[in-house]
Amino acid sequence: MTKLRQVLLYTGVAILAVAAGVLLRGQLASKDMAAPDAAVATKGAEAILAASFPDLEGNLQPVSQWRGKVMVVNFWASWCAPCREEIPEFISFQDKFRDKGLVFVGIAVDQKERAAAFSKEMGINYPVLVGDMKAMQIAGAAGNIQGALPFTVVIDRNGKMIGSKLGRLSESKLESMIGPLL
């Protein structure tokens, strides 16, 4: 293969990859927070509530300790651009609705040190737990079959999964989902 053909082939592959990325991002951004089917909702809520992860100090924290509250469980990472965009809104919501029984639980799929530094930098005001591949398996059980971040799940006071969103969650979508639960 000549040098020119190699360059053309690589350029074509790069263009296809960029186009696929743009299309996927657009598809993820346009999808509303979805109500999962009953089987996924039951399995997902059970998996999340049965999980325990270390917090930023290394203490094991069961997610079930927040049962009875409206939980917004967000799987994120410090290197994830859409995660970085939505977390300030989550901080604001936590301040605004804490007294009404809302709790965000951030599960960082990241290194503990990076999650701690990012949490401090952003001023995260809700529990941050540090997950690993087990966290991604739990997210998968809750409907994140793509294994991408961010992934957010809303669980009502009775432990029922109400909805999930793969990709950045807008403030208006989140408010419409949690408003009736508070």
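The following dialogue asks how the terms used for this predicted model are justified.

Student: What makes up the secondary structure of the protein chain?

Tutor: The protein chain has 6 helices and 7 strands. Along the sequence they follow the pattern α-α-β-β-β-α-β-α-β-α-β-β-α.

Student: Why is Phe 151 called buried?

Tutor: The word buried applies under 20% relative accessible area. Phe 151 has a relative accessible area of 2%, so Phe 151 is buried. This residue lies in strand E6.

Student: Which residues is Phe 151 in contact with, leaving aside its neighbours within four places in sequence?

Tutor: Contact requires heavy atoms within 4.5 Å. The partners of Phe 151 include Val 73, Asn 74 and Phe 75, together with Ala 139, Ala 142, Gly 143 and Asn 144. Ser 164, Lys 165 and Leu 166 are also among them. The C-alpha atoms of Phe 151 and Ser 164 are separated by 7.3 Å, and these residues are 13 apart along the chain.

Student: Why is Glu 171 called partly exposed rather than buried or exposed?

Tutor: Buried means under 20% and exposed means over 50%, with partly exposed in between. The relative accessible area of Glu 171 is 37%, and therefore Glu 171 counts as partly exposed. Glu 171 has its place in helix H6.

Student: Which residues does Glu 171 touch, not counting residues up to four places away in sequence?

Tutor: Glu 171 touches Glu 89 and Phe 93. Phe 93 is 78 residues from Glu 171 along the chain, and their C-alpha atoms are separated by 8.7 Å.

Student: How do the axes of H3 and H6 lie, and which residues of the two helices meet?

Tutor: The axes come within 11 Å and cross at roughly 35 degrees. The crossing is right-handed. From H3, the residues that take part are Glu 89, Phe 90, Phe 93, Lys 96 and Phe 97; from H6, they are Glu 171, Leu 174, Glu 175 and Ile 178.

Student: What makes strand E3 a mostly covered strand?

Tutor: In E3, residues 70-76, 7 of its 7 residues are buried. Val 70, Val 72, Asn 74 and Trp 76 point one way, while Met 71, Val 73 and Phe 75 point the other way.

Student: How do you know that E3 pairs with E4?

Tutor: Two strands pair if there are at least two bridges between them. E3 and E4 have 7 bridges, so the condition is met. The pairing is in the parallel sense. Asn 74 stands opposite Gly 106 in E4, and Trp 76 has Ala 108 as its bridge partner in E4.

Student: How many bridges join E3 to strand E6, and in which sense do they run?

Tutor: There are 5 bridges, and the two strands run antiparallel. Met 71 has Ile 155 in E6 as its bridge partner.

Student: Why do E4 and E5 count as paired?

Tutor: The requirement is at least two bridges. E4 and E5 are joined by 4 bridges, and therefore they pair. They run parallel. Ala 108 has Val 130 in E5 as its bridge partner. Between the two strands the chain passes through helix H4, residues 112-122, in a right-handed β-α-β crossover. E3, helix H3 and E4 also make a right-handed β-α-β unit.

Student: What makes both faces of E5 covered?

Tutor: Val 128 and Val 130 on one side, and Leu 129 and Gly 131 on the other, are all buried.

Student: What is the order of the strands in the open sheet, and why do E5 and E7 stand at the edges?

Tutor: The order of the 5 strands is E5-E4-E3-E6-E7, with mixed pairing. E5 and E7 each have a single partner strand, so one side of each is left without a neighbour in the sheet. On average, neighbouring strands are turned by 20 degrees against each other, direction ignored.

Student: Which helix lies across E3, E6 and E7?

Tutor: That helix is H2, residues 38-50, which runs at about 85 degrees to E7.

Student: What share of the protein chain is buried, and how much area does the chain expose?

Tutor: Of the 182 residues, 43% are buried. The chain exposes about 9600 Å², and carbon and sulfur atoms supply 59% of it.

How values were computed: Residues are numbered from 1 along each chain as its sequence is written. This is a predicted model: local features need pLDDT of at least 70, side-chain atom pairs count only at pLDDT 80 or more; totals for chains, interfaces and linings use all residues. Side-chain values use heavy atoms; hydrogens and water are left out. Buried means under 20% relative accessible area, exposed over 50%, partly exposed in between (1.4 Å probe, protein chains only). Accessible areas come from the Shrake-Rupley method with a 1.4 Å probe; for residues, only the protein chains shown count as cover. A crossover is right-handed if, with the strands pointing away from the viewer, the path from the first strand over the helix to the second runs clockwise. Axes are lines fitted to C-alpha atoms, for helices over the stretch in contact, and angles run from 0 to 180 degrees between N-to-C directions. A crossing is left-handed if the near helix is turned anticlockwise from the far one by less than a right angle, and right-handed if clockwise.
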